[in-house]
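Please open the structure in a viewer that permits selection by residue number. The tour proceeds from one selection to the next and describes what is found at each stop.

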Amino acid sequence: PTLWDPATGAVAPATTYRADADGTEIPLTLEPHEVVGVTFGGRAGRDEDPHAVAVSPGATVERLDADRRGLRATVLATRPGPLAVVARDGARAYRGGTTLADPLTPIVLDGDWRLRIETSAGIDADRPLGSWTDLAPRHSGSAVYTRTLELTRTQLAGREWTLDLGDVRAAAEVTINGRPLPQSLLWAPFVADVGDLLRAGANEIAVRVTNTGANSHGDVRDSGLLGPVRLLPQRRLTVALERADRDALLELRPAAASLAVAPGQQRTLRVAVRDLTGDSGRVRLTAEASGPVQLRDRSVDVRLGRDGTGSAELTVSAPLGAELPGTGELRLRAGEAAVTVPVRIDLASRIGRARASSTLSPWHARFLVDGITSVDHAAWRRGEAWNDGTAAAFPDTVTVAFDAPAPVSRVRVWTLDTPQDPAAVFGVRDFDVQLEVDGRWRTVGQVRGNRAALAELTFPRVSAEGMRVVVSSAPESYSRLVELETLP
């Protein structure tokens, strides 16, 4: 198999695949709208050529080299931890592994960017990433987002770097330290290799975004660099492979790198088990929990199918009286394979997903579950809270969907309150608090004439799938909230 990249024109043999009588399986990870061409034929498809048949998640085999000592795999790793490779050279099987200690922590380029909109009048503003339509709703054309990032020699040493622009509306051109990337980014994923352009010290990153013609015709659509923008590190490693016997070589792949659970809540973690040699059969998966984390089953048999893969589900919970926030971990093992999954214990609202009936950019509903119950005036100006997008039009609704049903007996609603923006003027005045119970919304409390930063309601404990606040009036025309908390 050979892979073709239509964005760059690059063509390269697929170094990681499995071929048998049923066909050829090539593991691919594609972002929304990403396109990869796959063709077959030529030397890359011959069974006698060395090729990788399996590799740990978060890593890609770029090249296999053979000599009298065996095989060596050149691997590009994007996450830390154990890494295993299995390969074949004709009828001979090889395997090897290593552990990457580098945490490979992404660098998030948050905070203010300089936004310059290329209109006839020209608009310059320092602000967080987001659509430019609140400043120039009918602008069709380009805008440039720039910022400076400081990097150290230690950060750059031995690492490759990829720039991930996140959400772009609709096409982007990137320049780093005055040097443009060789091609524009025209579709998702808006990702490019930038390691050769970065340097120790100050790095200027400029992203020119061009939208469609819809806005100039009155069809106002989000435009610009919405982000989040991240620099993603990776490392290139060499893994020596040795001849392998037919014993099982197992690998564990939790569906999530980490887990969050609320007191009294039960979460399910799916764990994929894979025999990298491709054998079927049964294996025993064991699990241990530390801290306040609880497990329903500490061992389970996993049946591996014809392709050598199977899965199991583990039920994880935390006691009602668990200290918040808290931490623990799950230690999973099957044969020689072992993996640790960190577990965070927090309020059901803080590990849920928030949305709003309307939003005024950049004040998004996601800030209602970030764990910050009060903001100062500067943080508010940066958008670190929620503001509805319909002035003097009520009701306004914000909803938090829990990841799993959780017990709730108290709700706290935090509204905007700073010396410059007192809650009595800039908060919410009248609102209802509702819980979703068995698929239906139930009102558990009402607040009228509120003038304080915090309103707290207590009621008999129920098991809820979500919570919402319905605002019916606010003194300053807009609904403004900072945090929503549910307590067991």
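Begin with residues 309-317, which form strand β29, and residues 294-295, which form β27. The model under inspection is a predicted one. Strands β27 and β29 run antiparallel and are joined by two bridges. Within this pairing, Gln-294 is found opposite Ser-317 of β29.

Extend the selection to the whole sheet. Four strands make up this open sheet, in the order β23-β25-β29-β27, and their pairing is antiparallel. The edge positions are taken by β23 (250-254) and β27; each has a single partner strand, so one side of each has no neighbour in the sheet.

Keep β23 selected and add β9 (81-89), β10 (92-100) and β31 (337-345). Each of these four strands supplies at least two residues to the lining of the second largest pocket. The volume of this pocket is about 930 Å³. Its lining comprises 31 residues, and those closest to the pocket centre are Pro-82, Glu-251, Leu-252, Ala-338 and Val-339. Which strand gives the most to the lining of the second largest pocket? That strand is β31, with six residues.

Next, select Arg-127, which belongs to strand β13 (residues 123-128). Is Arg-127 buried or exposed? Its relative accessible area is 12%, below the 20% limit, and Arg-127 therefore counts as buried. Display the side chain of Asp-134 as well: a polar contact of 3.0 Å links it to the side chain of Arg-127. Beyond residues up to four places away in sequence, Arg-127 also touches Gly-111, Asp-112, Trp-113, Leu-115 and Leu-135, among others.

From Arg-127, move to Trp-113. Setting aside neighbours within four places in sequence, the contacts of Trp-113 include Ala-125, Tyr-145, Ile-205, Val-207, Leu-225 and Val-229, as well as Arg-127. Trp-113 is also part of the largest nonpolar core, which has 34 residues; together with Leu-165, Val-207, Leu-225 and Leu-231, it ranks among those with the most contacts inside that core. To see where the core is drawn from, colour β12 (112-117), β14 (142-151), β15 (160-164), β17 (171-176) and β20 (201-210), each of which supplies at least two core residues. The largest share, four residues, comes from β14.

For the last stop, select Val-411, Val-413, Phe-459 and Leu-484. These residues are among the 32 of another core, which lies apart from the largest one.

Conventions. Residues numbered from 1 in each chain as written. Predicted model: local features only at pLDDT ≥ 70, side-chain atom pairs only at ≥ 80, totals over all residues. Heavy atoms only, no water. Pairing = 2+ DSSP bridges. Buried < 20%, exposed > 50% of the residue type's maximum accessible area, 1.4 Å probe, protein only. Polar contact = N/O pair within 3.5 Å; in protein donor to acceptor, adjacent residues only side chain to side chain. Contact = heavy atoms within 4.5 Å. Core = buried A, V, L, I, M, F, W, Y, C linked by side-chain atoms within 4.5 Å. 1 Å grid on protein atoms, 1.4 Å probe; cavity = no way out; pocket = protein on both sides within 12 Å on 5 of 7 lines; lining within 4 Å. Points joined across faces, edges and corners; volume = space filled by probe spheres on them.
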